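Here are my notes on this one, jotted down as numbered points. Have the model open while you read.

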Amino acid sequence: MRRRLLVMLGKGGVGRSAVTAALALLSSRRGQSTLVIEADPRAPIAGAWGGRPSFEPLELAPNLSAMMLGGQESLEQYLSIVAPRAVLRAVFRSRIYQYFVHAAPAVRELTMMGKVFHEIERREAPLKPWDLVIFDAPASGQALSMIRTPFAAGGAFGDSVAGREARNIATLLSDFARCGIVAVTTAETLAVAETLELGHAVGELEIRLAAAFFNRAIDARFTAADIVRAGRLAERDAALGGVEDLAEIARGAIRRRTRDRRAFELLRRRLDCGVVEVAERRGAAGIELYDNLARRLAAELPPEGGLGTAAPG
Ligand SMILES: Nc1ncnc2c1ncn2[C@@H]1O[C@H](COP(=O)(O)OP(=O)(O)OP(=O)(O)O)[C@@H](O)[C@H]1O
Ligand SMILES: [Mg+2]
């Protein structure tokens, strides 16, 4: 939370956006001017506050803004920051450019990272710099190439504008004090596997994960002893109905909890970073969910930094 940039990565549907929004809320409530950058064209986070998808930062709440990254839109917006407008108008119309943008996904990915970088490093006065930018990146595969591209392009593009920009971005991504690469996962086997792979993939770029969020962990409401006790009650009092059904629900919850704990321990052992549990808030969505998660995370993420790494209870 003390960094300038958090890049949120994870398999599709694990709750990247929910955790991003919760962290952003927490950061904004602690008085940091916070920008969420959404790669998702549906802009679910801005949408939760009733904001429409916008390529410019849009204020959602005090200290909290959001903007969206488009593929080609952000390329053109970004190019207009680094090159003269008249030149660009001609470029954008040219067929070669159109072909290039569609044929070379690396260009799109590099410029998306370029836009993120720009919001952090090149925001022009009178606009104040953001204290924290949280990037809700695309799902794992594309996000990984987004992170790899600046490293590859930094070498390939040599001493050109693109090469220098790529190296600047790679330097920021590698700076553990300024940039945190964060994984979001659930206990689901595939999500855990992708998270371990992610740790490995960023490791190859000599980047260490800053944290992992273990989302949708269920609260331990029952123990095996509760089930035994309920069974005894039912034996003693034949009028008690539904005890067997309740016991089955409790057994299901215990099984899920056991699976959660195994996955959590695996992540803690195999990842070189703190793992933070985020509880399942069944039935909540949008701002209500984000607010709920933010309140819970406040205790896990002290303002002075450092991660809670307590095992699930
Ligand atoms: N801790 C939670 N408790 C309850 N519901 C949650 C929690 N986290 C996420 N959800 C719900 O799960 C769904 C997926 O979450 P979210 O959209 O944040 O995932 P995502 O990883 O951003 O998905 P995508 O890959 O589509 O961008 C949403 O309906 C969200 O409200
Ligand atoms: Mg999302």
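1. Starting with the ligand: 21 residues surround ligand 1, and those that come nearest are Gly 12, Gly 15, Arg 16, Ser 17 and Ala 18. Three elements each give two or more residues to this shell, namely helix 1 (16–29), strand 7 (209–217) and helix 12 (286–300). Helix 1 has the largest share, with three residues. Keep in mind throughout that this is a predicted model.

2. What is the make-up of the shell around ligand 1 by class? I get nine nonpolar residues, six polar ones and six charged ones.

3. One residue to look at next is Ala 285, in the loop between strand 8 and helix 12. Is Ala 285 buried or exposed? It's exposed: 11 other C-beta atoms lie within 10 Å, and the cut-off for calling a residue exposed is 12 or fewer. Its C-alpha atom is separated by 8.8 Å from that of Ala 18, although the two residues are 267 apart along the chain. Ala 18, you'll recall, is one of the residues that come nearest to ligand 1.

4. Stepping back to the overall picture, the protein has 12 helices and eight strands. Its C-alpha trace spans about 85 × 40 × 40 Å along the principal axes. Of the 313 residues, 38% are buried.

5. Now the sheet. Eight strands form an open sheet in the order 3-4-2-5-1-6-7-8, and the pairing is mixed. The edges are taken by strand 3 (58–61) and strand 8 (274–279); each has a single partner strand, so one side of each is left without a neighbour in the sheet. On average, neighbouring strands here are turned by 25° against each other, ignoring direction.

6. Strand 2 (residues 34–38) deserves its own point. On one side, five bridges join it to strand 4 (residues 64–68), and the two run parallel. If you want to check the register, Thr 34 has Leu 64 as its bridge partner in strand 4, and Leu 35 has Ser 65. Strand 2 is also joined by five bridges to strand 5 (residues 132–136), again running parallel. There, Ile 37 stands opposite Phe 135.

7. Staying with strand 2, why call it largely enclosed by the rest of the structure? Because five of its five residues are buried. In a regular strand, side chains alternate between the two faces of the sheet. Here both faces are covered, with Thr 34, Val 36 and Glu 38 buried on one side and Leu 35 and Ile 37 buried on the other. Do take a look at Glu 38 in that list while you're there.

8. Last, helix 7 (residues 140–156). It has 17 residues and reaches 24 Å from first C-alpha to last, close to the 24 Å expected at 1.5 Å a residue. Where does helix 7 bend? At Arg 148, by about 35°, with a proline, Pro 150, following within four residues. Several residues of this helix are buried, among them Ser 140, Leu 144, Met 146, Ile 147 and Pro 150 itself. Just after the helix, Gly 158 takes a positive phi of about 55°.

How values were computed
Residues numbered from 1 in each chain as written. Chains lettered and ligands numbered in written order. Predicted model: local features only at pLDDT ≥ 70, side-chain atom pairs only at ≥ 80, totals over all residues. Expected span 1.5 Å × (residues − 1). Bend = angle between axes of the 7 residues up to and from the residue. Buried ≥ 20, exposed ≤ 12 C-beta atoms within 10 Å, placed from the backbone. Pairing = 2+ DSSP bridges. Axes fitted to C-alpha atoms, helices over the stretch in contact; angles between N-to-C directions. Near = placed C-beta within 6 Å. Nonpolar A, V, L, I, M, F, W, Y, C, P; charged D, E, K, R; others polar.
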